[in-house]
Each structure stands twice: as C-alpha cells, then as structure tokens.
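Please look over the chain below. The report that follows covers its cores, its helix packing and a few single residues.

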Amino acid sequence: MVSQKQTDAVAELDEMLHRMHKLVLKHVKEGQNGINPVVNYLPPDELYKAIDLTLPKQGAGIEGTFQLIKNTLDYSVNSWNPRFMDKLYAGTNPIGVISEFLLGVLNGNCHVYHVSPVLTLMEIEVTKATGRLLGMGEESGGLFCAGGSASNMLAMVTARNKLFPSIKTEGYIPRPYRAHAAYGKLKIFASTHCHYSIDKAALVLGLGLDSIIKVPTDDQHRMRVDLLEQLIQESIARDETPFFINATAGTTVMGAFDPIQSISAVAKKYNCWLHVDGSWGGSAIFSRKVREKLGLLDGSGLADTFTLNPHKLLGVPLQCSMLITPHKGHLLFATTNTLQADYLFHGNPYDLGPGTMGCGRRPDALKFFLAWKFYGENGLGARVDRAIEAAARFTDLVRSRPGFELVADPSAFCQVCFRYIPPVLAPQIDGWSEGVRRENLSRIVQVLHQEVNHTGDFLVDHAPLSGQAHFFRIVINAPTVNVYRDLAGLLDAIEDASKAVDWSKIL
C-alpha cells in the first residue's frame with residue numbers, strides 16, 4: 001500500500017520549490033550587489049552555536065529543515081560574490097543552477113547506457129567536441145571524472161595499463177626484482193610546480209613518491225624541456241623505465257603553461273605517455289585569442305590524455321572534470337581498464353562505466369553540455385577573455401601602487417601574485433638577512449591574509465614558492481568582478497588592515 005507521504009510528493013516538492021525560489025534569488029542577489037560580505041565568518045566553536053547541527057530521531061519537516069537551509073545560506077561562502085578570489089573557481093551562473101536541479105530530478109547514473117541514455121550521449125558528444133577544440137581530431141573523446149585529481153589519476157592508470165598490460169594481472173614487479181621483466185622501475189616526470197594530485201596518483205598506483213622525478217622550471221615557472229630530456233636519459237642509464245610525463249597547463253600558484261609541443265617531442269622520442277593537466281588553464285582553449293594569438297595551449301592535440309575542468313574557469317557547477325584523449329575517445333579507457341563484470345556491463349560500447357576505476361557515475365557532463373548549449377563556444381570564450389583582461393589590468397594596478405611588489409610581472413594567466421610591505425617596516429628591510437627577510441615577509445602576508453579574510457568582505461589566499469617568502473595569490477575568475485570596485489578595493493583593504501596591526505609585536 002502506498003503511504004500518504006509518498007502520494008503527496010508532488011505537493012511537497014511544490015511547496016519546497018516555492019520556498020527555495022525566494023531563498024536562492026536572495027542569496028544570488030546579495031552575492032552580486034557589491035555590498036554584502038563574501039562570508040559571515042565565524043570560528044568553528046561559534047558556528048556550532050549559531051546553527052543546529054544535531055540529527056533528530058523524528059524528522060524536522062519542512063519548517064525545521066528550511067530553517068537549517070536558511071542558516072546554511074547565511075553562514076556559507078557566497079561564491080556569487082566577485083570578491084571571492086580564494087580558489088580557482090568562482091560562482092556558477094543561472095544555467096548552472098538549472099543543470100544541478102535537473103540532475104537532482106533525474107537522479108541518474110551514467111555507468112550504463114540503458115539507465116541514462118540521453119545523459120550518456122551528452123557525455124560522448126561534449127567530450128568529442130572538446131577534443132576537437134583541443135586539436136585531437138575526430139577520434140577524440142573521453143570521460144568525466146569526480147574532479148581534476150581523479151582525472152589525473154585515471155590518466156596515469158590508463159598509461160600504465162596501456163604501456164604495460166601485464167601489470168593488470170601480474171602486479172607491479174619491475175627489474176631488478178624480476179630480472180627478466182619488460183620494464184624497470186616506472187618513472188614519472190613532472191615540473192616542480194605540478195599539482196600534488198600527480199604525487200597522490202603515484203601513491204595510489206603503488207609506485208611511490210620516489211617514482212616521481214621533478215623537473216626544474218625556467219624564470220617563467222614553465223618546465224625546462226632540456227632538463228626533462230636530461231633527467232629521462234639519466235633515468236634510463238639507471239635501468240629505470242620512464243613512462244609518464246605530466247605537463248601542466250596553468251599551474252595552481254603562478255598560472256604557468258608548460259611548453260606542450262616541445263615536451264611532446266621528448267615524450268615520443270622516449271616512448272612516454274604525455275598527459276596534460278589542464279585542470280585550471282585547459283578551459284582557455286575556448287578563447288579564440290588564446291588559440292590564435294597567445295599560444296598558451298599550442299600542442300594540446302599531441303597529448304595522449306588531457307584533463308580539463310569546466311567547473312573552474314568556465315563557471316560550471318562543481319564538480320565537473322573531463323579526461324580527453326585522441327585515441328578513440330572513451331573506448332580507450334574501456335579497453336584498457338575494464339574488468340569482467342557481466343552482471344552490470346553487457347558489451348554495449350555506449351556504456352561508459354567500464355573505463356573508470358569506480359562504478360556509479362554522476363552525470364556531470366550534463367552541466368557542461370547545457371552551459372555550452374546556452375552560451376555557445378564564443379560565449380564561453382568571452383568569459384575567459386574577460387578574466388585574462390581583468391588580471392592584466394589588476395597587475396597594472398599592483399605595479400603602480402606604493403608598497404606592493406609583484407612576484408611575477410607580467411602575470412602569466414589569471415592569478416596575480418604580490419606582497420605588501422607596510423610603510424612602517426619599509427626602512428627596516430635592507431637590514432634584514434636573507435633568511436630573516438623571507439620569514440618576515442611571509443609573516444606579514446599571513447597576518448594580513450587573516451585580517452582581510454576575517455572581515456568577510458574579501459576571501460583571498462596566499463602561497464609560497466620554493467626558497468621564497470609567501471605572497472598573496474589572487475585568482476581573477478568571476479565575470480562580474482570590477483577592477484576598481486573589487487580589485488582596487490582589495491588593495492585598500494590590505495593597506496587598512498596593515499595600519500591596524502602593531503608590527504612591533506608580530507615581527
């Protein structure tokens with residue numbers, strides 16, 4: 001017998017949607033009006049007091065649950081606010097909200113075609129289209145994964161299984177532990193600025209951190225191709241087997257783009273799999289200016305696999321990450337990684353699950369497909385162009401502002417990195433030793449970072465570089481960011497925060 005509660009699902013949903021409609025529009029409006037804070041910041045002990053996070057035995061119903069929803073909106077970071085510049089993503093957009101709503105209504109699973117036919121074809125078509133844009137040709141395509149780290153890991157698993165298929169059944173036993181093995185210790189090459197997910201992938205694969213050889217970078221923080229080849233040659237001389245080269249398209253801290261085309265030549269010469277981690281910068285391929293003038297992604301079509309996260313630069317809701325390949329699209333992953341699971345997979349080439357390391361798959365492709373449909377390739381490209389232009393203009397502001405010091409000039413991409421020297425401390429700097437200078441400059445940034453963020457008016461981040469002091473890393477991404485209201489305002493906020501600090505008690 002169907003319960004009354006089940007039969008009233010439509011009415012219950014109708015009431016909830018009416019309530020959510022008002023709350024959501026208020027939240028978005030407050031985020032974009034340029035007045036409200038990014039977050040009403042509370043430390044954990046105070047936040048526990050402000051919100052009821054107990055879980056009841058009897059349900060709270062609509063009233064109790066919607067009070068929690070309201071509190072969640074009130075005390076969460078409002079990523080619609082253009083002054084949210086902390087991470088490599090920004091707020092989404094109206095079609096993004098609709099796409100997430102549609103996924104919730106469908107509650108689909110994109111592992112086998114017959115349970116998600118439309119969503120499956122969307123994934124196949126949007127990965128093919130992205131592959132063509134990258135220059136990978138008509139055989140390209142791919143899969144969506146649960147974030148850039150998962151995409152990078154799937155790339156490494158696929159490379160290992162494709163190049164050394166015996167490992168799938170026999171396990172990883174390289175020379176010298178098995179004298180006649182077809183491979184020595186497998187080695188991974190990535191720049192010193194690569195994302196930590198490359199290291200984690202090596203852990204998951206059982207290769208260990210010692211399997212990763214970090215390649216130094218040039219003065220623009222790009223992998224040095226000459227040293228890459230030298231390190232590969234040295235590895236071969238030790239009877240190791242180089243197999244995976246990771247190039248980064250848009251590093252997390254500085255936004256640097258490794259020279260993919262030159263790295264590809266080295267990869268082919270030494271029979272290595274070339275993967276490009278374009279989690280951050282890969283989406284710039286939608287910009288015609290990037291493709292035809294800036295050349296940041298030249299050679300992308302030569303990669304064996306390419307990670308791209310639309311949830312970062314393109315404003316698609318989290319999470320949305322794809323792994324693209326020119327080698328027969330999603331079929332590469334299926335043929336390389338599949339296992340016998342006849343109770344689930346019945347040989348349909350449109351089934352996408354066999355190519356992944358998991359089973360259930362959220363149909364994240366829908367979100368990117370709808371964004372592309374709504375804005376078009378040109379609209380997505382325009383968003384990229386706006387971000388690059390705003391970053392360049394902010395770089396100009398920082399350069400001209402007394403007390404501020406750019407870490408990279410010009411800024412490589414959409415991150416602007418700088419330090420601030422409080423006027424009261426400027427006369428002392430020349431007397432600091434190198435070690436004291438690095439320590440004090442880092443402390444200045446850390447204190448100001450906390451002061452600025454805890455006001456809630458801005459949310460920004462700081463980062464180090466090897467051998468250098470910490471610095472502010474400001475990510476320019478939101479299409480609504482205003483250079484003078486928001487970005488110049490941030491510099492004002494840093495100066496104001498500095499005036500309120502008694503530096504004699506800090507340093």
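A nonpolar core here is a set of buried Ala, Val, Leu, Ile, Met, Phe, Trp, Tyr and Cys residues joined through side-chain atoms within 4.5 Å. The model is predicted.

**Cores**

The largest nonpolar core has 55 residues. Leu228, Ile245, Leu297, Phe368 and Phe413 touch the most other members. Helix 15 gives the most to this core, with eight residues. A second, separate core holds 37 residues, including Trp432, Val452, Leu490 and Leu491.

Take Ile245 from the list of best-connected members of the largest core. Which residues does Ile245 touch, leaving out those up to four places away in sequence? Phe189, Leu228, Ile232 and Ile263 are among them. So are Ala267, Cys272, Trp273, Leu274 and His275. Leu228 appears again here as a partner of Ile245.

**Helix packing**

Two packed helices are described by the angle between their axes and the distance between the axes. Two pairs are listed below, and both involve helix 17.

| Helix pair | Angle between axes | Axis distance |
|---|---|---|
| Helix 15 (365–400) and helix 17 (483–499) | about 40° | 11 Å |
| Helix 16 (434–455) and helix 17 | roughly 110° | within 9 Å |

Start with helix 15 and helix 17. Angles under 35 degrees count as roughly parallel, and 65 to 115 as roughly perpendicular. The angle of this pair is about 40°, and helix 15 and helix 17 are therefore oblique to each other. Helix 15 passes helix 17 in a right-handed crossing. On the helix 15 side, the contact uses Ala390, Arg393, Phe394, Leu397 and Val398. Helix 17 brings Val483, Tyr484, Leu487, Ala488, Leu490 and Leu491. By class, this contact has ten nonpolar residues, no polar ones and one charged.

Now helix 16 and helix 17. Their axes cross at roughly 110°. Helix 16 and helix 17 are therefore roughly perpendicular to each other. The crossing of helix 16 with helix 17 is right-handed. Leu448, Glu451 and Val452 of helix 16 make the contact with Leu490, Ala493, Ile494, Ala497 and Ser498 of helix 17. These residues divide into six nonpolar, one polar and one charged.

Leu490 of helix 17 takes part in the contact with helix 15 and in the contact with helix 16. Leu490 is also a member of the second core. Val452, from the helix 16 side of its contact, belongs to that core too.

**Single residues**

Asn440 sits in helix 16. Is Asn440 buried or exposed? The cut-off for buried is under 20% relative accessible area. Asn440 has 11% relative accessibility, so Asn440 counts as buried. Leaving aside neighbours within four places in sequence, Asn440 is in contact with Trp432 and Leu507. Trp432 is listed in the second core.

Leu102 lies in helix 5 (residues 94–106). Leu102 counts as partly exposed, at 32% relative accessibility. Leu102 touches Leu366 and Leu370, not counting residues up to four places away in sequence. Leu102 and Leu366 are 264 residues apart in sequence, but 8.9 Å apart in space, C-alpha to C-alpha.

Tyr196 lies in the loop between strand 2 (186–191) and helix 9 (197–204). Tyr196 is exposed, with a relative accessible area of 51%. The cut-off for exposed is over 50%. Tyr196 and Ser149 are 47 residues apart along the chain, and their C-alpha atoms are separated by 8.5 Å.

Terms used: Residues numbered from 1 in each chain as written. Predicted model: local features only at pLDDT ≥ 70, side-chain atom pairs only at ≥ 80, totals over all residues. Heavy atoms only, no water. Helix = DSSP H or I, 4+ residues; strand = E, 2+ residues; numbered from the N terminus. Buried < 20%, exposed > 50% of the residue type's maximum accessible area, 1.4 Å probe, protein only. Axes fitted to C-alpha atoms, helices over the stretch in contact; angles between N-to-C directions. Parallel < 35°, antiparallel > 145°, perpendicular 65-115°, else oblique. Left-handed = near helix turned anticlockwise from the far one by under 90°. Contact = heavy atoms within 4.5 Å. Nonpolar A, V, L, I, M, F, W, Y, C, P; charged D, E, K, R; others polar.
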